There are 2 protein chains.
Amino acid sequence: MGEVVKLAHGAGSVETSQILESLIFSKIEERLKKVEGGLGIDFPDDAAAIPMGDGRFLVVTVDSYTVNPPFFPGGDIGVLAASGSINDVLMLGGKPIALMDAIIVEEGFPLEDLRRIVDSMLRVLREEGVALIGGDFKVMPKGQIDKIAIATVGIGIADRLIVDRPQPGDKIVVSGYLGDHGAAILARQIGIIDEGSGGGLVSDVKPLTRLMLPLVEKYGPHIHAARDPTRGGLAMALNDWAKASGTVIIVEESAIPIRPQVAYYANMLGIDPLALASEGAAVLSVSPDVAEEVVEFMKKLGFDNAAIIGEVRKAERYRGYVLLKTVVGGLRILEAPRGDLVPRIC
Amino acid sequence: MGEVVKLAHGAGSVETSQILESLIFSKIEERLKKVEGGLGIDFPDDAAAIPMGDGRFLVVTVDSYTVNPPFFPGGDIGVLAASGSINDVLMLGGKPIALMDAIIVEEGFPLEDLRRIVDSMLRVLREEGVALIGGDFKVMPKGQIDKIAIATVGIGIADRLIVDRPQPGDKIVVSGYLGDHGAAILARQIGIIDEGSGGGLVSDVKPLTRLMLPLVEKYGPHIHAARDPTRGGLAMALNDWAKASGTVIIVEESAIPIRPQVAYYANMLGIDPLALASEGAAVLSVSPDVAEEVVEFMKKLGFDNAAIIGEVRKAERYRGYVLLKTVVGGLRILEAPRGDLVPRIC
């Protein structure tokens, strides 16, 4: 019996990078990795960019959402699909202008539930002024797909791209609490909380337009990297950055905003909360001279828990690593997550 | 018990139009149906267009592919996903430049099969010179999805759009045999043919770049509509056109190129071959003064069975209908397909 695909391959973790490297990245010629002058699969992010010829870039993203359950505390797969793709466009410095969706649903799925999901998606688009310009709709026979999966395409335009190049000296800034989405989904999957209450664990899923557009307008050239820490959480995002830029990133554990109930719950399950997904938070790498100002600006925009959590340093040792100054005073390596903490998280 | 989603809702048939109208089109404000100056969901096609500001249009399409089985005579889901999205871009008059993919695969799926599928996709991209600029990869636990589904985003640039406005007097031209893909998949699903032989039923799946780019360059303004007749086949495409343009389309049954084995097989199952999907054929509505020339041009490009199969007329009666002049001499209404002939055809 040959090798098979494992859950961990799809977890957005180290194993995901490995399988994609083996299946795709190593097989494709350089010239086919991007449109000339843009960003493609040689760029480790969820979005791609195509030059428009007038100095601007078209930003395009695709993501499939398979979250289980489709309704969860704080949102549903419709809000998640729309917000996730809008956020992917924003993190590359783009202004989201349009969305497309491809829905695959199981035969027998309640029409009322499908209507709720689509309504959620449309509500996000309406609030954000993003057009729904096309899509696809397929039904798979009963038992051939569990409930519903949605692939969404986010489309935006960027005057300048944020190309994820953290620079030595940069401060790492987060927009608020981390890990809320991951904790809420995990708790639902394990069956601890029900759809209604959530036991204080509520997904943070939301579009980050009102955060990112003003930030990019005001501090654009100072933002050297931006990511929404979804699958793999903060741990994955920072490891990607450290590896790609050949720096070392040092993070102060006590400075990272994590809700007590998320920390408690993660602790109970023996999971690192820094590897839990957020769906409504941003991590930025910004010039040190504006970092404090950026945090204040975020707070004024309503992101009350924004904080500086660490910094980027030129690597003497630990090149490409993320180091965590723990609350008790030690220094440990924060590794990129392995395995599959939570299947079908997004 | 409330209403549920049915297979027919996803068949690309009348029921699909109805559920999308009810769930999406009727719920969304006009301003959110497209990017200003472009084409969006108010346009009944698989692709959308966004003006680039210099007279050109960015063409973007999304489609999810769920074909069962993933390997079939003439191709696999990888070839299908790449070709289908390339063709959707071409049918809007675009030159395909990039693709993105979102793969969802079942835990336990053989890695070797996944590699074959991805290799197929990459081979198409390589042959077409289309870049793979990004994507997403998710794994669903065993039993939560049957094998694999791929959503692909096709991206292209059009100097001028083909906006599907058939005009009275136009001739309907097809590029070759119709229904090959649908017949091959249906036969595999029913179990009549195996993967190897196919009993003469072989999918026509292929990109149509070498047909459409020269055609658009030479006859662009004369091509008033273009479609690749996938789900719902020729019957669906022509009914869409007749309805949207308020014309009547009259088709000569004897002129439609259908392989004997496809006709035989469809006849045996009591299925109209005109409702079977093609994945490597084009249907065009072209000015009558160039129609013969277009057919000759297609033949020179290697599409030996290209033919004029009918014409568009100003509707006195039967406005919005498609009429079929049958081989035996009668005239019957060719209706848009209803129900689900073949689930998971593409």
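**Close-up views of a two-chain model**

**View 1. Helix α1 of chain A and helix α3 of chain B are oblique to each other.** In this predicted model, the axes of α1(A), residues 14-23, and α3(B), residues 111-128, come within 10 Å and cross at roughly 55°. That angle is neither under 35 degrees nor in the 65 to 115 range, so the pair counts as oblique. From α1(A), the contact draws on A:Ile19, A:Ser22 and A:Leu23. From α3(B) come B:Leu111, B:Leu114, B:Arg115, B:Val118 and B:Leu122. Sorted by character, these contact residues are 6 nonpolar, 1 polar and 1 charged.

**View 2. B:Asp101 is a buried residue with no salt bridge.** Look for this residue in strand β5 of chain B, which covers residues 95-106. Where is the nearest side chain of opposite charge? It belongs to A:Arg231, 11 Å away. Leaving aside residues up to four places away in sequence, B:Asp101 touches A:Val62 from the other chain. Within chain B, the residues it touches are B:Met121, B:Leu132, B:Gly134, B:Gly135, B:Asp136, B:Ile150, B:Ala151 and B:Thr152.

**View 3. A:Leu39 sits in the loop between α1 and β1 of chain A.** Is this loop residue buried or exposed? With a relative accessibility of 12%, A:Leu39 counts as buried, because the cut-off for buried is under 20%. Beyond residues up to four places away in sequence, A:Leu39 touches A:Lys34, A:Ala48, A:Ala49, A:Leu92, A:Leu161 and A:Val163, along with B:Ile133 from chain B. For a sense of scale, the C-alpha atoms of A:Leu39 and A:Phe57 are 9.6 Å apart in space, and the two residues are 18 residues apart in sequence.

Key: Residues are numbered from 1 along each chain as its sequence is written. Chains are lettered from A and ligands numbered from 1 in the order in which they are written. This is a predicted model: local features need pLDDT of at least 70, side-chain atom pairs count only at pLDDT 80 or more; totals for chains, interfaces and linings use all residues. Side-chain values use heavy atoms; hydrogens and water are left out. Helices (H or I, at least four residues) and strands (E, at least two) are DSSP runs, numbered from the N terminus. Buried means under 20% relative accessible area, exposed over 50%, partly exposed in between (1.4 Å probe, protein chains only). Lys and Arg count as positive and Asp and Glu as negative; His and the chain ends are not counted. A salt bridge is a side-chain nitrogen of Lys or Arg within 4 Å of a carboxyl oxygen of Asp or Glu. Contact means heavy atoms within 4.5 Å. Axes are lines fitted to C-alpha atoms, for helices over the stretch in contact, and angles run from 0 to 180 degrees between N-to-C directions. Angles under 35 degrees count as roughly parallel, over 145 as roughly antiparallel, 65 to 115 as roughly perpendicular and the rest as oblique. Ala, Val, Leu, Ile, Met, Phe, Trp, Tyr, Cys and Pro count as nonpolar, Asp, Glu, Lys and Arg as charged, and the others, Gly among them, as polar.
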